[in-house]
Amino acid sequence: MADNSNSENKTSQEEKANEKNSQAVTLEETKVENMNSEESTQTTEQSSTPDPANALQAELEAAKKEVESLKDSWARERAEFQNFKRRSAQEFTSIRKEAVKSLVSGFLNPIDNLERVGATQNPSEELKPFVDGVTMILKEFYSVLEKSNVVRFDPKGESFDPMSMEALSSEEGDQYSEETVIDVYQPGYYYKENEDKFTLRPARVRIGKPKS
């Protein structure tokens with residue numbers, strides 16, 4: 001009986017020792033888990049905290065993209081404005097040409113009539129003052145037209161230009177190496193804008209041509 005009692009006490013003590021050891025192990029494992037959890041949390045917090053250098057680089061890249069976008073937009077706007085200026089200048093020139101042509105065309109026939117009077121050969125003493133007065137008026141007309149960039153041209157002796165002349169008659173001859181104006185029935189007029197010329201009325205001429 002004494003042996004059995006001693007054996008039970010010994011077993012009970014062993015069980016208690018094992019239980020204490022188990023609790024100690026469990027406590028140690030809990031401490032380790034808590035430490036690991038804290039380290040993991042600290043690592044996560046560190047990784048989630050933005051790096052100031054990276055943030056600055058990202059802002060710099062965004063600013064560069066915005067600058068490039070603004071430059072492209074400015075270049076497009078500038079090109080559109082230049083095109084608008086060019087179109088406006090062309091339209092203005094076209095409108096001005098048509099206005100000058102419309103205005104001058106109404107004066108050309110009266111000027112032609114005055115030129116016929118001024119070209120009178122050997123006028124009588126009574127008519128001479130009148131013819132001289134018409135000649136002065138013609139000079140005033142020419143001056144006013146030139147100030148408006150309208151030029152009168154008499155192409156006698158010049159090479160025939162179908163863009164500014166109208167051939168009403170012609171003759172052939174060995175003396176002609178090219179089509180040449182040999183007589184002017186009616187002088188022409190053109191409008192000059194810088195280096196550009198715009199025919200208001202073609203000169204009506206007679207031309208000489210090489211024999212075919």
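In which sense do strand 2 and strand 6 pair, and over how many bridges? The exercises below treat this and related points.

The model is predicted: local features need pLDDT of at least 70, side-chain atom pairs count only at pLDDT 80 or more, and totals for chains, interfaces and linings use all residues. Residues are numbered from 1 along each chain as its sequence is written, and side-chain values use heavy atoms, with hydrogens and water left out.

**Exercise 1. Describe the sheet that contains strand 2 and strand 6.**

Solution.
- Helices (H or I, at least four residues) and strands (E, at least two) are DSSP runs, numbered from the N terminus. Two strands pair if DSSP finds at least two bridges between them.
- Strand 2 and strand 6 (residues 203-209) pair in the parallel sense, over seven bridges. Within this pairing, Glu171 has Gly208 of strand 6 as its bridge partner.
- The sheet is open, has three strands in the order 2-6-3, and shows mixed pairing. Strand 2 (165-172) and strand 3 are its edge strands, each pairing on one side only.
- On average, neighbouring strands of this sheet are turned by 25° against each other, direction ignored; axes are lines fitted to C-alpha atoms, for helices over the stretch in contact, and angles run from 0 to 180 degrees between N-to-C directions.

**Exercise 2. Establish the order and pairing of the sheet that contains strand 4, and state how buried strand 4 is.**

Solution.
- Three strands form an open sheet in the order 1-4-5, with antiparallel pairing. Strand 1 and strand 5 are at the edges with a single partner strand each, so one side of each lacks a neighbour in the sheet.
- The average turn between neighbouring strands here is 35°, direction ignored.
- Four bridges join strand 1 to strand 4. Phe153 stands opposite Gly188 in strand 4, and the bridge partner of Val151 in strand 4 is Tyr190.
- Five bridges join strand 4 to strand 5, where Tyr190 stands opposite Thr199. These two strands form a hairpin with two residues between them, and Asn194 in the turn has a positive phi of about 60°.
- Buried means under 20% relative accessible area, exposed over 50%, partly exposed in between (1.4 Å probe, protein chains only). Five of the six residues of strand 4 are buried, so strand 4 is largely enclosed by the rest of the structure.

**Exercise 3. Compare the expected span of helix 2 with the distance between its end C-alpha atoms, and locate its bend.**

Solution.
- The expected span of a helix is 1.5 Å times one less than its number of residues.
- For the 67 residues of helix 2 (residues 52-118) this gives 99 Å; the end C-alpha atoms are 94 Å apart, which agrees.
- The bend at a residue is the angle between axes fitted to the seven residues ending there and the seven starting there. Helix 2 bends by about 30° at Leu108, and Pro110 follows within four residues.

**Exercise 4. Characterise the surroundings of Asp112 and Arg201.**

Solution.
- Asp112 lies in helix 2 and is buried, with a relative accessible area of 5%.
- Contact means heavy atoms within 4.5 Å. Not counting residues up to four places away in sequence, Asp112 touches Gln186 and Arg201.
- Arg201 belongs to strand 5 and counts as buried at 9% relative accessibility. Leaving aside neighbours within four places in sequence, the contacts of Arg201 include Leu108, Asn109, Phe153 and Tyr189.
- A polar atom of the Arg201 side chain lies 2.7 Å from the backbone oxygen of Pro187.

Key:
Polar contact = N/O pair within 3.5 Å; in protein donor to acceptor, adjacent residues only side chain to side chain.
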